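I opened this entry to look up the overall make-up of the chain, one helix pair and one residue.

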Amino acid sequence: MPSLLTSVHVIQAHKSDSPPSASRHAPRTLSATWCHDGPAKPTPPAASFAAAPEGHTTISLDPAAHRQFLRHLDGFIRDSKKILDAWDVYSDEHTGLDGWPYDDHAYGLRQSQRDADTAAAFETVRAGAPHLLATAEAQLAQLPADAVQSHWVWQLGVLRGALDRLDTLHEEWLQTRDSLPADARPGTPAFDDALAEHHAKSWSYLDDWATHGQAISDIHAAARHAPSPLAPPPTATAAPAPGRSSVVRR
């Protein structure tokens with residue numbers, strides 16, 4: 001019997017006055033000069049996606065491409081956890097009991113490294129993120145009620161809002177980068193400070209994907225095990241009519 005998955009086709013920072021915290025949403029120092037622009041964004045093959053009305057996201061019709069996007073998402077979730085765990089250790093060791101860092105400059109550099117590393121890890125997910133979301137939303141709409149976790153709808157909403165903000169911030173970064181002086185290149189303070197600020201603005205939305213991205217994989221797993229809504233119901237065996245005995249052939 002085909003799974004639900006095969007039946008789905010198209011559906012669519014400046015430093016604060018309070019002490020820094022070792023939590024996921026610690027304030028960021030924007031004057032750091034550490035930078036990393038990350039790898040080039042992968043481009044998915046056009047044939048892998050179904051056409052949709054203008055303004056709507058398409059979803060993958062290629063199971064292999066979809067599985068690859070899911071693997072990229074799982075890898076990002078693992079990598080971001082390692083990055084955050086390393087940051088928490090550093091923050092705990094380099095702040096006092098009042099929450100303030102012992103060395104503001106060093107702390108800001110390390111925080112910028114966390115932001116940039118998380119952004120670089122997300123680059124493998126970025127191209128497929130809209131398609132992963134659209135597919136998860138389509139799958140969720142067709143899952144039977146008893147297979148749905150109540151928090152999935154909310155988590156997909158968080159992911160979509162975060163992706164919209166990341167797209168906006170990316171466009172803003174491209175405009176900022178193009179407006180920099182001609183001699184502003186990676187490794188110069190003008191470029192590195194602007195990139196560090198971009199990463200700082202993006203980090204909380206990347207963290208949303210690290211925190212809630214697992215919902216996409218969970219919905220995919222539920223869809224794989226759900227019966228297809230297109231599958232015909234089992235055919236019942238007709239019972240003999242009342243008052244008639246079966247004829248036994250000899």
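My notes below go from the whole chain to the helix pair and then to the single residue.

Whole chain. I noted at the start that this is a predicted model. I looked up the secondary structure and found seven helices and zero strands in the protein chain. Read from the N terminus, the order of elements is α-α-α-α-α-α-α. I then checked burial: the protein chain has 250 residues, and 40% of them count as buried. For the accessible surface of the chain I have about 14100 Å², with 55% of it belonging to carbon and sulfur atoms.

Helix pair. I turned to H4, residues 129-142, and H5, residues 152-179. How are they packed, by angle and by distance between axes? The angle is about 155° and the axes lie 11 Å apart. H4 is therefore roughly antiparallel to H5, since an angle over 145 degrees counts as such. I recorded the crossing of H4 and H5 as left-handed.

Next I listed the residues that meet. From H4 these are Ala129, Pro130, Leu133, Ala134, Ala136, Glu137 and Leu140. On the H5 side I have Trp152, Val153, Leu156, Leu159, Arg160 and Leu163. Sorted by class, the residues of this contact come out as eleven nonpolar, two charged and no polar.

Single residue. I looked up Arg71 and placed it in helix H2, which covers residues 63-93. Is Arg71 buried or exposed? Its relative accessible area is 52%, so I entered Arg71 as exposed, the cut-off being over 50%. Last, I took the C-alpha separation of Arg71 and Val125: 9.1 Å, for two residues 54 apart along the chain.

Notes
Residues are numbered from 1 along each chain as its sequence is written. This is a predicted model: local features need pLDDT of at least 70, side-chain atom pairs count only at pLDDT 80 or more; totals for chains, interfaces and linings use all residues. Side-chain values use heavy atoms; hydrogens and water are left out. Axes are lines fitted to C-alpha atoms, for helices over the stretch in contact, and angles run from 0 to 180 degrees between N-to-C directions. Helices (H or I, at least four residues) and strands (E, at least two) are DSSP runs, numbered from the N terminus. Angles under 35 degrees count as roughly parallel, over 145 as roughly antiparallel, 65 to 115 as roughly perpendicular and the rest as oblique. A crossing is left-handed if the near helix is turned anticlockwise from the far one by less than a right angle, and right-handed if clockwise. Contact means heavy atoms within 4.5 Å. Ala, Val, Leu, Ile, Met, Phe, Trp, Tyr, Cys and Pro count as nonpolar, Asp, Glu, Lys and Arg as charged, and the others, Gly among them, as polar. Buried means under 20% relative accessible area, exposed over 50%, partly exposed in between (1.4 Å probe, protein chains only). Accessible areas come from the Shrake-Rupley method with a 1.4 Å probe; for residues, only the protein chains shown count as cover.
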